[in-house]
Amino acid sequence: MNIEQTYKDAGALLEGHFILSSGNHSNRYLQSAKVLEDPKRAELLAKELAIMIKAEDIQIDTVCAPALGGVLAGYELARALGKRSIFVERKEGAMELRRGFEVTKGEKILICEDIITTGGSAMEASAVIEELGAEVVAFAALANRGFCQRKGSMVAPKAECKLPNAVPFFALEDFEFAMYAPEECPLCKSGSIAIKPGSRN
Ligand code: ZN
């Protein structure tokens, strides 16, 4: 399965001139919700990710996703792994486990996102789960932006990565984009105007 082509086909990998959430500019942007718009495609991506995870012989009881972005990816991955699916969500800024979802002491949890940039939301979800006495045994995402090192990748982790070294991180592909400070952006210099796609567009 060609992951980059799959994202392109889904309209999830945009080309143009974008303002990233960091404020830097780039000629590429991942609108990762778009890749899950087609349930069949979502199922195939999750199955591919499940194959990588199953090869590692890690005991997993439950997949937990940080809402909203991780929910569909987490649900599809749980289905592919044959595990329970739960999510944590923000209430007044802080992540919580709500809606009657529970974890037991020692339960083995995989935290799943649609995309991992620096891993901030994944780590917030992890903190909620560990506070409740369960154990985070792995992280997973469909796409990795290249700040953290996914298992099997030669792309070295960057200082911005918040995921712990001791816990494996699985992802289908590294999406490393050229990034420019706005004042040094060659696209700006050529006269083009950057747009901010974000989750609202
Ligand atoms: Zn620019």
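**View 1. The donor residues of the zinc ion follow the spacing H-x7-H-x159-C-x2-C in sequence.** Among these donors, His25 and Cys185 link distant parts of the chain, 160 residues apart. His25 belongs to strand β2 (residues 25-30). Cys185 lies in the loop between β9 (179-180) and α5 (186-189). The model shown in every view is predicted.

**View 2. Four side chains hold the zinc ion.** The coordinating atoms are NE2 of His17, ND1 of His25, SG of Cys185 and SG of Cys188. They sit at 2.0 to 2.4 Å from the zinc ion. The four donor atoms subtend angles of 95 to 121° around the zinc ion, so the arrangement is tetrahedral. For four tetrahedral donors, the ideal angle at a metal is 109.5 degrees. Is His25 buried or exposed? His25 counts as buried because its relative accessibility is 7%. Cys185 also counts as buried, at 0% relative accessibility.

**View 3. Strands β1, β2 and β9 form an open sheet.** The order is β1-β2-β9, and the pairing is antiparallel. β1 (13-19) and β9 stand at the edges. Each has a single partner strand, so one side of each is left without a neighbour in the sheet. In general, strands of a sheet pair through backbone hydrogen bonds. How many bridges join β1 to β2? There are five bridges between β1 and β2. In one bridge, Ile19 has His25 in β2 as its partner. His25 is also a donor to the zinc ion.

**View 4. A disulfide joins Cys148 to Cys161.** The two sulfur atoms are 2.1 Å apart. A search of the whole structure finds one disulfide. The link of Cys148 and Cys161 is right-handed, with 105° about the S-S bond. Both Cys148 and Cys161 lie in the loop between β7 (135-144) and β8 (169-174), so the disulfide ties together parts that are 13 residues apart in sequence. Cys148 is buried, because its relative accessible area is 1%.

**View 5. Cys64 and Cys112 are too far apart for a bond.** Which cysteine sulfur is closest to that of Cys64? The closest belongs to Cys112, at 9.8 Å. Cys112 is in no disulfide, and its nearest cysteine sulfur is that of Cys64. Cys64 counts as buried, with 0% relative accessibility. Cys112 counts as buried at 0% relative accessibility too.

**View 6. Val88 and Cys64 are 7.1 Å apart in space, C-alpha to C-alpha.** In sequence, 24 residues separate their positions. Val88 is found in strand β4 (residues 84-91). At 0% relative accessibility, Val88 is counted as buried.

**View 7. Helix α2 (residues 39-54) has a buried side and exposed residues on the face turned away from it.** The helix has 16 residues. From first C-alpha to last, α2 reaches 22 Å, close to the 22 Å expected at 1.5 Å a residue. Which residues of α2 are buried? They are Ala42, Leu45, Ala46, Leu49, Ala50 and Ile53. These residues cover an arc of only 140° around the axis, which puts them on the same side of α2. An α-helix has 3.6 residues a turn, so residues three or four places apart point the same way. Ile51 and Lys54 are exposed, on the face turned away from the buried side of α2.

Note on methods. Residues numbered from 1 in each chain as written. Predicted model: local features only at pLDDT ≥ 70, side-chain atom pairs only at ≥ 80, totals over all residues. Heavy atoms only, no water. Donors = N, O, S within 2.8 Å, 3.2 Å for Na, K, Ca; no water. Tetrahedral: all angles 85-135°; square planar, octahedral: opposite > 155°, others 65-115°. Helix = DSSP H or I, 4+ residues; strand = E, 2+ residues; numbered from the N terminus. Buried < 20%, exposed > 50% of the residue type's maximum accessible area, 1.4 Å probe, protein only. Disulfide = S-S within 2.5 Å. Pairing = 2+ DSSP bridges. Expected span 1.5 Å × (residues − 1). Arc of directions from axis to C-beta.
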